[in-house]
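This report introduces a few local features of one protein structure to a reader who has not met it before. Please keep the sequence and the model in view while reading.

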Amino acid sequence: MQLAAVCTRFAFLVLASASFGYADPPRRLLAGASTSDITPSLGLPIVGNWDSPPATNIHDRLHVRCLALDDGQTKIAFAICDNVGIPREVFDLARQLISTQKNVPPENVLMASTHTHSAVSARNTREVNGEKVLDNYQTLVARRIAEAVESATKNMQPALIGWGGIDEPSEVNNRRWYVSEPSLLKNPFGGMDRVRMNPPAGSAALLEPAGPVDPEVSFVSVKTIQGKPLALLANYSLHYVGGVPVGDVSADYFAEFAKRIGAKLGTDDSFVAIMSNGTSGDVNNIRFTEKSSRHEPYQRINEVAELIASRVAEAHESIQFHDWVALGCETEELDLDVRQPDQAMLDFFQSRESVPPVERHPHEKTYAERIQLLANGPERVTILLQAMRIGELGIATIPFEVFAETGLELKKQSPFADAFTIELANGSNGYLPTPAQHELGGYETWMGTNKVQLDASERITEVLLRLMTSLHTTATASPNNSIE
């Protein structure tokens, strides 16, 4: 009888301790994923090249692909869109719509473009009586982003999460080259650059690339507690692949990767795979030291997608999964000066109007228009910077086409054990060369291609490292368990 009384009293104390908060219940990560369709109507202009042909065929449909996570205290979500670049006002409208859902804080949603060059424009914002007005396609994109986030958060279930990376250098090449042929270095401003973007492949004039590449394919994998793959978010610093016929709408290799990695992981149609763009503003997959060879339409897209999916599947076998990790998100707005043409530049372009087109730089007219827009536009721009935490993985975001060396610097300086950057996130503000790359000139540095102050990359890096450090020091809890 005495032993029974002691046991009963002990059981009561355990229950009482739990009831009064002395024993924390096990923490559980929740995750959900979804997609929504943003395929445009035919006839709209396809952007990404010097001309903008109308869309005449839908080769593959465009999507918003979303992953949502909840650690019990913090919810975050990723919404990656098949588009060349989406301005902040579209993402801001999506955040307004998300705020009404009350499922995830809108400031905790990372929205970005993949940078496919075979989608229609989402940049056609107009100003009416001093207010920015979105067109029908922009409104559709914003609405579908919000729908994808809502669906993903409603689909949340207990989940396991892991992350990793693997190098694949064969498909990333710096496209800015030192060359020995002066005719390759002329710019539309009447001057000479020191490097050339996309020089002729296999040319004897090629000397060496002007910058590094980031060969790592980073990824986050989520599966149900039963072990069924639920979603995968990947990141690779490859501009895009291309080889798409004129008039075709396509999500490029980003979507083809998503299809192939799902098959390699043995999933069904409920699995959502996502490929985001890393820091690829000066990187593509052209092998410049080799003579160009002819490829069939979509051939290189399929080859690159197959290779990268195979490499991720290979690395996926050895990652460690956790049933809980700390999540976090911090954001900060940063004001940047907009570059302004001086009078000498304006006078130069005016003086060139009477010159026959055959005697002018092929892009001279385009840049005359672009610098006039800068001269008539605002002198400052406010960008949104964001940092995410998934356990010991840090994710930075930048609303520009970012040079690889900036991404490498963020990885090197990040306080997290692992890190990567998603570009064209929360806006689309042109190219972001480093100050050293600005000194070399080249397409990505030209005023009108680059629109902000020359040290913007350094200021952005400083803010992001501060945000990542704050995330790392304020959420130090360890995972519950590691699942092999």
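How much space lies in the second largest pocket? In this predicted model, the second largest pocket holds about 460 Å³ of space. Its lining is made up of 23 residues, and those closest to the centre of the pocket are Arg 65, Ala 255, Glu 256, Ala 258 and Lys 259. Strand S4 (63-70), helix H4 (252-264), strand S18 and helix H5 (299-316) are the elements that each give two or more residues to this lining, and the largest share, 7 residues, comes from H4. The lining can also be divided by residue class, as the table shows.

| Class in the lining of the second largest pocket | Count |
|---|---|
| Nonpolar | 8 residues |
| Polar | 7 residues |
| Charged | 8 residues |

Strand S18, which contributes to that lining, spans residues 272-277, and 6 of its 6 residues are buried. Side chains in a regular strand alternate between the two faces of the sheet. In S18 both faces are covered, with Val 272, Ile 274 and Ser 276 buried on one side and Ala 273, Met 275 and Asn 277 buried on the other. Strand S16 (residues 229-236) runs parallel to S18 and is joined to it by 6 bridges, and Leu 232 stands opposite Ala 273 of S18.

Elsewhere, an open sheet of 3 strands follows the order S13-S12-S14 with antiparallel pairing. Strands S13 (196-197) and S14 (206-209) stand at its edges and have a single partner strand each, so one side of each is left without a neighbour in the sheet. S13 pairs with strand S12 (residues 176-179) over 2 bridges in the antiparallel sense, and Met 197 in S13 is the bridge partner of Arg 176.

Definitions and conventions:
Residues are numbered from 1 along each chain as its sequence is written. This is a predicted model: local features need pLDDT of at least 70, side-chain atom pairs count only at pLDDT 80 or more; totals for chains, interfaces and linings use all residues. Side-chain values use heavy atoms; hydrogens and water are left out. Buried means under 20% relative accessible area, exposed over 50%, partly exposed in between (1.4 Å probe, protein chains only). Helices (H or I, at least four residues) and strands (E, at least two) are DSSP runs, numbered from the N terminus. Two strands pair if DSSP finds at least two bridges between them. On a 1 Å grid over the protein atoms alone, a cavity is a set of points where a 1.4 Å probe fits but cannot get out, and a pocket is an open set with protein on both sides within 12 Å along at least five of seven lines; lining residues have an atom within 4 Å of a point. Grid points are joined across faces, edges and corners, and a volume is the space filled by probe spheres set on the points. Ala, Val, Leu, Ile, Met, Phe, Trp, Tyr, Cys and Pro count as nonpolar, Asp, Glu, Lys and Arg as charged, and the others, Gly among them, as polar.
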